[in-house]
Amino acid sequence: MRAKLSYAVTAAVLVFYFVLVGSRGVMLIETGTVVTVTFGVAVLILPVIGLWFLWKNTQFVRRANALAAELDAEGGLPVDELKRTPAGRIDRDSADEVFAKRKAETESAPDDWRSWFRLAVAYHDARDTPRARKAMQRAIALHDGRPVQQP
């Protein structure tokens, strides 16, 4: 719940910022000189890109959460079998062991979205966020029946 609240607050702040920047772009365009109109258009592009990125990220999070809920209903969510340090951090060797299991599972069932979901969690636990995101995107695509690009 805390993560959802943090995400909502961050998204609201970003939208406020995009509106603020967009209004400045409009003010520059209304000035009417060649230079200010050019800068105004350039300033308006930034909020558009930011809103697009925020929308795509929100879609990704919603789809990943839907897969997690479905996997949880099936009883297939990965069990937290990671060892932790006294400070509560994940032990690197433990994460590597779990990752090796998840990778082997995914290699034996490359068309199963569930194995890709669990691999994404293992990547995340191993602190490899870019690969975690790609694995989750693949899980989403397999679940939705969309064609998947080969790595």
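Helices, in the sense used here, are DSSP runs of at least four residues, while strands are runs of at least two, and both are numbered from the N terminus. With that in mind, the elements of this chain, which belongs to a predicted model, run α-α-α-α-α from the N terminus on. The chain has five helices and zero strands, and its radius of gyration is 21 Å, well over the 15 Å that the globule rule gives for 151 residues, so the chain is more spread out than a compact globule. Along its principal axes, the C-alpha trace spans about 65 × 40 × 25 Å.

We can now turn to the inside and the outside of the chain. Of the 151 residues, 28% are buried, and the accessible surface comes to about 10500 Å², with 64% of that area belonging to carbon and sulfur atoms. Among the contacts with a separation of 6 or more, 48% are accounted for by residues that are 24 or more positions apart. As for charge, the chain carries 21 positive and 17 negative side chains, and the centres of these two sets lie 6 Å apart.

A single residue can serve as an example to look up in the structure. Arg118 is found in helix 4, which covers residues 113–125. Its relative accessible area is 14%, and because buried means under 20%, Arg118 counts as buried. If its neighbours within four places in sequence are left aside, Arg118 is in contact with Leu71, Gly76, Pro78, Arg102 and Glu105.

Note on methods: Residues numbered from 1 in each chain as written. Predicted model: local features only at pLDDT ≥ 70, side-chain atom pairs only at ≥ 80, totals over all residues. Heavy atoms only, no water. Rg over C-alpha atoms; globule rule 2.2 N^0.38 Å. Buried < 20%, exposed > 50% of the residue type's maximum accessible area, 1.4 Å probe, protein only. Contact = heavy atoms within 4.5 Å. Areas by Shrake-Rupley, 256 points an atom, 1.4 Å probe, with all protein chains shown as cover. Lys, Arg positive; Asp, Glu negative; His and termini not counted. Charge placed at Lys NZ, Arg CZ, Asp CG, Glu CD.
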